[in-house]
Amino acid sequence: MMKRIFKCGGVMPESHVNTIALADAWNWLLALRHRRPCDVAINVSPTGEWQTAKAVTAEARELLDCLTPLASRAAWVVAQLGQSMDGRIATESGHSHYINGHESLVHLHRLRALVDAVVVGAGTASADNPQLTVRHVSGTNPTRVVLDPRGRIPNDLALLNTDSAPTLYIVGPDVRSELQATTSLAHVERCVLPLNASGQFAPHDVVTLLAEKGLPRVLIEGGGITVSQFIEAGTVDRLHLLVAPLLIGSGRPGLQMTPIETLESALRPPARTFRCGDDTLFDLRLRDTTA
């Protein structure tokens, strides 16, 4: 009997009539997220657990275990970070391609496909010039959100000049937009939020703004400072921390939170682990979500 090891982006075994395979599980999760019918014979219990009378492959079972808690709920905030075993997300020079493996990238794209909006800070947008699409999986591109309190991102970013998805450009009240009013920018909506004493947006204000725009499922993708701010503000329901078997030894840390005096003040969230290729995915429940 062939042994199957779950990989978030692994090769899918052939689907059989009475077996739910990885592709079936992903199609069901997308249907559940969009509240649309699906011919895959899986149900969700009142407690949010998936159930089926059919046989389920190991890959499909782990995918369902991992992502059903997100797909089955109407509103939540999940943060994602990929890092080395010693907690680094980049070298001192900022080089980060690629700390995590391909399977972790596929998992990130699955998260994007399950959300309404994906959020990045100005530093990550400028350094990585991301597309924030779901090109590695099937699904719909989420609305892309750039947090730029001081108006420092360059005008030639892909987020601003490709219309593969709507883009919210959130700036502080004193920023004067220099974006050219061209057809290529018709997908960009500029929003203004107040700044706190640190010159940043209050995470609660960002989440509230997105909810008001009909975007209640949110992925905080990066960078580390942005993710840390949202976690510390208590706005994140789950953290998906992808850890690669890599020791960098120095470089930029992932989470950067306010220092604590003793370990009694440390966060100790319930955690689950999943295999993601050579990486390990830690699914940390930072607060209960009942929506």
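**View 1. Strands E5 and E12 sit side by side in this predicted model.** Seven bridges tie strand E5, residues 76–84, to strand E12, residues 238–244, and the two run parallel. To find one of these links, start at Ser84: its bridge partner in E12 is Ala244. Helix H7, residues 224–232, packs on the sheet here, touching E5 and E12 along with strand E7 (117–121), strand E8 (143–148) and strand E11 (217–222). The direction of H7 makes about 135 degrees with that of E11.

**View 2. Here is the whole open sheet, strand by strand.** How many strands form the sheet, and in what order? Nine of them, and they go E10-E9-E8-E7-E11-E5-E12-E15-E14, with mixed pairing. The edges are strand E10 (188–192) and strand E14 (271–276), each of which pairs on one side only. Going from one strand to the next, the twist averages 20 degrees. As for what links neighbours, strands of a sheet pair through backbone hydrogen bonds, either parallel or antiparallel.

**View 3. Now look at strand E11 and its two partners, E5 and E7.** Is E11 mostly covered or mostly open? Mostly covered: six of its six residues are buried. With E5, strand E11 runs parallel, and four bridges join the two. One spot to look for is Val77, whose bridge partner in E11 is Val218. E7 also pairs with E11 in the parallel sense, over four bridges. On that side, Val119 has Ile220 of E11 as its bridge partner.

**View 4. Helix H2 lies across part of the sheet.** This helix covers residues 58–71, and the strands it lies across are E5, E12, E14 and strand E15 (279–285). Which way does H2 run relative to E14? It goes at about 130 degrees to that strand. E14 is one of the two edge strands, so you can use the end of the sheet to get your bearings.

**View 5. Helices H1 and H3 pack against each other.** H1 takes in residues 22–34 and H3 residues 102–114; their axes are 10 Å apart, at an angle of about 30 degrees. Angles under 35 degrees count as roughly parallel, so that's how H1 and H3 are described. Which residues make the contact? From H1 come Leu22, Trp26, Leu29, Leu30 and Arg33, and from H3 come Arg110, Ala113 and Leu114. Sorted by type, the residues of this contact are six nonpolar, no polar and two charged.

Key. Residues are numbered from 1 along each chain as its sequence is written. This is a predicted model: local features need pLDDT of at least 70, side-chain atom pairs count only at pLDDT 80 or more; totals for chains, interfaces and linings use all residues. Side-chain values use heavy atoms; hydrogens and water are left out. Two strands pair if DSSP finds at least two bridges between them. Axes are lines fitted to C-alpha atoms, for helices over the stretch in contact, and angles run from 0 to 180 degrees between N-to-C directions. Contact means heavy atoms within 4.5 Å. Buried means under 20% relative accessible area, exposed over 50%, partly exposed in between (1.4 Å probe, protein chains only). Angles under 35 degrees count as roughly parallel, over 145 as roughly antiparallel, 65 to 115 as roughly perpendicular and the rest as oblique. Ala, Val, Leu, Ile, Met, Phe, Trp, Tyr, Cys and Pro count as nonpolar, Asp, Glu, Lys and Arg as charged, and the others, Gly among them, as polar.
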